[in-house]
Amino acid sequence: MANQYFSLKKTAEMFGGQHLKERIEEFEKSGVIPPSSRYRSGALFRKGWTINDLPTIGSKLGFFKKFKKSTAMAVFTTKGGVLKSTLALNLARTAALHGQKVCVVGLDIQGDITTALGFESDLDNQEDLLEVIEKLNRTKGLSDLFNNQVRLTEIIQSTDIANLYLIPETPELVALNDSLSNINRREFWLKEKVVDLLKEHFDLVIMDCSPNWNKLTTNALVACDVLISPLECKINNFRNFRVFRHFLKEFKDEMRLRFENVFIPTRYSKNRKLSQDILSWYRENVPGCTDHGVRENVSGEEATALNLSLIEHVPGQEIAKEMRELLKEVHGRVDQYHEYVELREPDEVMMTPRDQYQHEVRQWSF
Ligand SMILES: Nc1ncnc2c1ncn2[C@@H]1O[C@H](COP(=O)(O)OP(=O)(O)O)[C@@H](O)[C@H]1O
Ligand SMILES: [Mg+2]
């Protein structure tokens, strides 16, 4: 495929707006970012950059730079079709386009994020069925890692962005879910054998979950620093959300987890009163709910279908602007979480179980 070029205008819009044009040109002149290439656009020659150049430009000028510390995010709520995979895709691609080293871990047997990251997208065009089957069988995943048949590095796949990687979903995830139920420390396998190791090499690990409370999801909750939960702005999600919040709180308390929970309103429409009322209710009543969200939108749907983030697909449109504001908000929350953990950690690490007990007793007596 011929190189796709991102014009100066498009590049500026992706990373924050037209006002960045001058700075991009200055940075180009001073060699801070790679030089642009000339490409033909209709009858004209324009200057632009390829996708390989964007992470350097994003890391210098963008709005989603590296976090204070390596971060694991899980995207989960107990409902399908509420933009979990879409948010995972937008977070992953946007972070990678800002120079963050990102690894996405697919945990939903439906495999939407694996498809969205273009994995094996060429298989449909191949003619020879046997070759296709062989290729599919060669793809190893988390289940093979669990069975000690491969090492972690062997299941990490590259994507079209050089610093964005994927552990793809394979059909054997179903078996892994069962196997996890039969081991000691069954909630900790993903954290200890996968995510903590990935965090040593990646700035951001994103786990895209299924809508079910299964072992893969509870493993993701234990492994994450930040949980992203879409809140669909539709009436039938209201009850679902209350039950979800109850189970989540119970699980978090029992497992003594301290992940940050970011609730993101999704699929609202600006011209429907009920949808607006639900959105306002969420914002007022759900602690951790973001000010920005993702509304129902055709370009949004298109972007996901084309395997692109919104800032790549329609950088100048309002919907992309909203996504940029949302992602900035999420970024702020991640940084806040790391600050909070840094402040608390010394106490907790130094406390032995006996200290902990006495500490608790002291607290009870007041
Ligand atoms: N802004 C949007 N408005 C409406 N539909 C969208 C939008 N963004 C993505 N979609 C589409 O909504 C569908 C469900 O999204 P998805 O992210 O797969 O949900 P989930 O992972 O929660 O099941 C997908 O077909 C996706 O392309
Ligand atoms: Mg999904």
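This dialogue reads selected features of a predicted model, from its domains to single residues.

Colleague: What should I keep in mind about the numbering and the model before I begin?

Modeller: Residues are numbered from 1 along each chain as its sequence is written, while chains are lettered from A and ligands numbered from 1 in the order in which they are written. This is a predicted model, in which local features need pLDDT of at least 70 and side-chain atom pairs count only at pLDDT 80 or more, whereas totals for chains, interfaces and linings use all residues.

Colleague: Into which domains is the chain divided, and how many residues does each give to the contact?

Modeller: Domain bounds come from an automatic or database domain assignment, and here the chain is divided into domain 1 (1-62) and domain 2 (63-344). Taken over C-alpha atoms, the centres of domain 1 and domain 2 are separated by 29 Å. Two residues are in contact if their C-beta atoms, placed from the backbone, lie within 7 Å, and the contact takes 13 residues from domain 1 and 15 residues from domain 2. Helices (H or I, at least four residues) and strands (E, at least two) are DSSP runs, numbered from the N terminus; helix 1 (8-15) and helix 3 (54-61) each supply at least two residues of the side of domain 1 that touches domain 2, and helix 3 gives the largest share of that side, five residues.

Colleague: Where does the largest nonpolar core lie with respect to the two domains?

Modeller: A nonpolar core is a set of buried Ala, Val, Leu, Ile, Met, Phe, Trp, Tyr and Cys residues joined through C-beta atoms within 7 Å. A residue is buried if 20 or more other C-beta atoms lie within 10 Å of its own, exposed if 12 or fewer, and partly exposed in between, with C-beta atoms placed from the backbone. The largest nonpolar core has 86 residues, of which Met-73, Val-102, Ile-206, Met-207 and Ala-220 touch the most other members. Helix 4 (residues 84-97) contributes the largest share of this core, eight residues. Because domain 1 and domain 2 both give residues to this core, it lies between them.

Colleague: Which residues does Ala-220 touch, and how many residues of its helix, helix 10, are buried?

Modeller: Not counting residues up to four places away in sequence, Ala-220 touches Ala-74, Phe-76, Leu-107, Leu-190, Met-207 and Cys-209. Eight of the nine residues of helix 10 are buried, so helix 10 is largely enclosed by the rest of the structure; among the buried residues are Lys-215, Asn-219 and Ala-220. Their cover includes strand 4 (71-75), helix 8, helix 9 (189-201), strand 8 (204-208), strand 9 (226-232) and helix 11 (235-254).

Colleague: At what angle do helix 8 and helix 10 pack?

Modeller: Axes are lines fitted to C-alpha atoms, for helices over the stretch in contact, and angles run from 0 to 180 degrees between N-to-C directions. Helix 8 (residues 173-181) and helix 10 (residues 215-223) pack at about 70 degrees, with their axes 8 Å apart. Angles under 35 degrees count as roughly parallel, over 145 as roughly antiparallel, 65 to 115 as roughly perpendicular and the rest as oblique, and helix 8 and helix 10 are therefore roughly perpendicular to each other. In this contact, Leu-173, Asn-177, Leu-180 and Ser-181 of helix 8 meet Lys-215, Leu-216 and Asn-219 of helix 10.

Colleague: Which backbone angle deserves attention at Leu-83 and Arg-256?

Modeller: Most residues other than glycine have a negative phi. Leu-83, although not a glycine, has a positive phi of about 85 degrees, and Arg-256, also not a glycine, has a positive phi of about 55 degrees. Leu-83 is placed in the loop between strand 4 and helix 4 and counts as buried, with 24 C-beta neighbours inside 10 Å. Arg-256 is placed in the loop between helix 11 and strand 10 (260-268) and is exposed, with 6 other C-beta atoms within 10 Å.

Colleague: Is Phe-259 buried, exposed or partly exposed, and which residues does Phe-259 touch?

Modeller: Phe-259, which lies in the loop between helix 11 and strand 10, is partly exposed, with 18 other C-beta atoms within 10 Å. Not counting residues up to four places away in sequence, Phe-259 touches Leu-221, Cys-224, Asp-225, Val-226 and Leu-227.
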